[in-house]
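This report looks at how parts of one protein chain are held against one another. Please keep the structure open while reading, and find each residue as it is named.

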Amino acid sequence: DSCSPFIESLRVLRNLINFNSSKPIRILAVTSPSNDEGKSTISVGLAVTMAMAGKKVLVVDCDLRRPILRRQLGESSSTGFTSLVNRSSDIKNAIQPTSIERLFCLPSGPLPKSPSEFLDSPECREMLKKLAKDYDLLILDCPPCVGLSDVQVISTIADGVLLVVAANKTELPDFYSALKTLGQVNAPFIGTVINKSNRIGEITAITNITEAVMHQINVKINN
């Protein structure tokens with residue numbers, strides 16, 4: 001439903017990203033402190049609203065530990081991002097169109113033994129830079145950032161990093177740890193999305209903390 005509260009909230013997020021960033025964002029990384037906080041849902045939803053606004057968007061599944069983007073978008077290809085980096089597939093076969101005009105999907109592909117080293121490889125960096133030239137926006141659906149170094153690596157490639165937290169689920173120590181993890185590499189952190197919330201009161205504590213730590217984009221997503 002293009003008029004649902006969920007889509008409208010994502011449109012607000014889209015506008016904040018487009019109009020409040022100090023420089024154009026061509027590569028956006030989306031992460032969360034831990035699993036099951038809705039980062040992939042936000043990645044796909046944001047990509048849809050960006051495409052609806054006329055941007056040519058590619059969603060890339062960079063969660064090389066627990067990829068779910070292919071399932072979210074209903075794609076069945078076994079090739080993907082790792083296939084491109086390893087040159088076992090070409091762009092034409094790896095990137096999949098979706099039912100949304102101007103929105104494309106690049107599944108994870110076969111999972112590497114060491115995701116962090118794979119993401120930090122010169123070949124991976126070069127591939128992301130190449131893809132960014134062909135699209136208005138790359139949205140990278142990343143793994144959680146607490147206890148993993150993957151997002152630290154990806155944040156050195158991205159123009160912006162968005163942190164998704166879940167109301168009534170995300171623990172404040174995990175939230176602090178996520179901010180610390182991103183801060184250790186001076187990640188281009190642009191804000192926090194508070195997901196799975198039905199009432200403002202449920203998110204007040206986290207909102208106040210994020211505003212106290214650094215400049216934030218805080219958007220409540222109702223779903």
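## A covered strand

A residue is called buried when its relative accessible area is under 20%, exposed when that value is over 50%, and partly exposed in between. The model shown here is predicted, and with that in mind we can begin with strand E1, in which five of its five residues are buried, so that by the cut-off of under 20% the strand is mostly covered. The two faces of E1 can be read separately: Ile27, Ala29 and Thr31 are buried on one side, while Leu28 and Val30 are buried on the other.

Which strands pair with E1 in the parallel sense? One partner is strand E5, made of residues 137-141, which pairs with E1 in the parallel sense over four bridges, and another is strand E6, made of residues 160-166, which also runs parallel to E1 and pairs with it over four bridges. Leu28 gives a useful point of reference, since it stands opposite Ile139 in E5 and opposite Gly160 in E6.

## Two nonpolar cores

In soluble globular proteins, nonpolar side chains tend to be buried together. In this model the largest nonpolar core has 40 residues, and those with the most contacts inside it are Leu58, Val60, Phe81, Leu106, Leu138, Leu140 and Leu163. Helix H7, which covers residues 122-134, gives the most to this core, with five residues. A second, separate core has 26 residues, among them Leu28, Ala47, Leu69 and Cys105.

Leu140 can be followed further. Setting aside neighbours within four places in sequence, Leu140 is in contact with Ile27, Leu28, Ala29 and Val30, as well as with Val60, Cys62, Leu128 and Ile154.

## A buried aspartate and its partner

Asp150 lies in helix H8, which spans residues 150-155. Is Asp150 buried or exposed? Its relative accessible area is 0%, and because this is under 20%, Asp150 counts as buried. Beyond residues up to four places away in sequence, Asp150 touches Arg65, Pro115, Ser116, Leu119 and Pro143.

The contact with Arg65 deserves a closer look, for the two side chains make a polar contact at 2.8 Å. Asp150 and Arg65 also form a salt bridge, in which the closest N and O atoms are 2.8 Å apart. Because Asp150 lies in helix H8 and Arg65 in the loop between E2 and H3, the pair ties together parts that are 85 residues apart in sequence. Whereas Asp150 is buried, Arg65 is partly exposed, with a relative accessibility of 39%.

## Other salt bridges

Side chains of opposite charge can pair when their charged atoms come close. How many salt bridges are counted in this model? The count comes to six salt bridges. One of them joins the side chains of Asp36 and Arg66, with a distance of 3.3 Å from N to O. This pair links distant parts of the chain, 30 residues apart, with Asp36 in the loop between strand E1 and helix H2 and Arg66 in the loop between strand E2 and helix H3. Asp36 is partly exposed at 46% relative accessible area, and Arg66 is partly exposed at 41%.

Arg102 and Glu101 form another salt bridge, their closest N and O atoms being 3.6 Å apart. Here Arg102 is partly exposed, at 31%, whereas Glu101 is exposed, at 59%. Finally, Lys39, Asp63 and Asp141 are linked in a network of salt bridges.

Notes. Residues numbered from 1 in each chain as written. Predicted model: local features only at pLDDT ≥ 70, side-chain atom pairs only at ≥ 80, totals over all residues. Heavy atoms only, no water. Buried < 20%, exposed > 50% of the residue type's maximum accessible area, 1.4 Å probe, protein only. Polar contact = N/O pair within 3.5 Å; in protein donor to acceptor, adjacent residues only side chain to side chain. Contact = heavy atoms within 4.5 Å. Salt bridge = Lys/Arg side-chain N within 4 Å of Asp/Glu carboxyl O. Pairing = 2+ DSSP bridges. Core = buried A, V, L, I, M, F, W, Y, C linked by side-chain atoms within 4.5 Å.
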